[in-house]
Amino acid sequence: MKPRRRVNAPSVGGGFLLSAFPSTRARSAADTLQATSYRATAAAQTFQNEKDRTGLLGKLDSASTKLTQGKTQRALVNLTSFRDKVSTLAAQGKLGRAKADALIAGANEAMACVTDLQTQAAAAA
């Protein structure tokens, strides 16, 4: 897995995620989730419908909360829901394809990090 760079992005869910994660892998998941949230916030500025914006960002906030609680499976569910909603918004013409592709890539990367956390936890058990 390639090293992840830190992203100075707004916090997700009102708190700074990295302080809650002692391991490097968990920090990578949190960093990736923050970066995806930052891109989603920027993309959502163009939405005409407030419901689309709040729904999309809410899914990332929920994923962040679940991740900080150690509920990795629920975080994956929220990230999958986010990714699916981005695809739907792009198909409806509410989100540009390039922005959608970037958000989907970020969601996939975050999901890979969370899955890696699950694998690490299972191996340690």
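Here a trainee and a mentor talk through a predicted model and the words used for it.

Mentor: Local features here need pLDDT of at least 70, side-chain atom pairs count only at pLDDT 80 or more, and totals for chains, interfaces and linings use all residues. Residues are numbered from 1 along each chain as its sequence is written, and side-chain values use heavy atoms, leaving out hydrogens and water.

Trainee: Why is H2 called roughly antiparallel to H3?

Mentor: Helices are DSSP runs of H or I, at least four residues, numbered from the N terminus. H2 covers residues 50-68, H3 covers residues 72-91, and they pack at about 160 degrees with axes 7 Å apart. Angles over 145 count as roughly antiparallel, so H2 and H3 earn the name.

Trainee: What makes Glu50 and Arg53 a salt bridge?

Mentor: The term needs a side-chain nitrogen of Lys or Arg within 4 Å of a carboxyl oxygen of Asp or Glu. Glu50 and Arg53 meet at 2.9 Å, N to O, so the pair fits the definition. They sit 3 residues apart in helix H2, which means about one helical turn separates them. The whole structure has 4 salt bridges.

Trainee: Where is confidence lowest, and where is it highest?

Mentor: Go by pLDDT, the predictor's confidence in each residue, from 0 to 100. Helix H1 (residues 24-44) is lowest, with a mean of 72, and H3 is highest, at 94. Over residues 1-23, pLDDT is below 50. Where pLDDT is low, don't read the predicted coordinates in detail. The protein's mean is 76, with 78% of its residues at 70 or more.

Conventions
Axes fitted to C-alpha atoms, helices over the stretch in contact; angles between N-to-C directions. Helix = DSSP H or I, 4+ residues; strand = E, 2+ residues; numbered from the N terminus. Parallel < 35°, antiparallel > 145°, perpendicular 65-115°, else oblique. Contact = heavy atoms within 4.5 Å.
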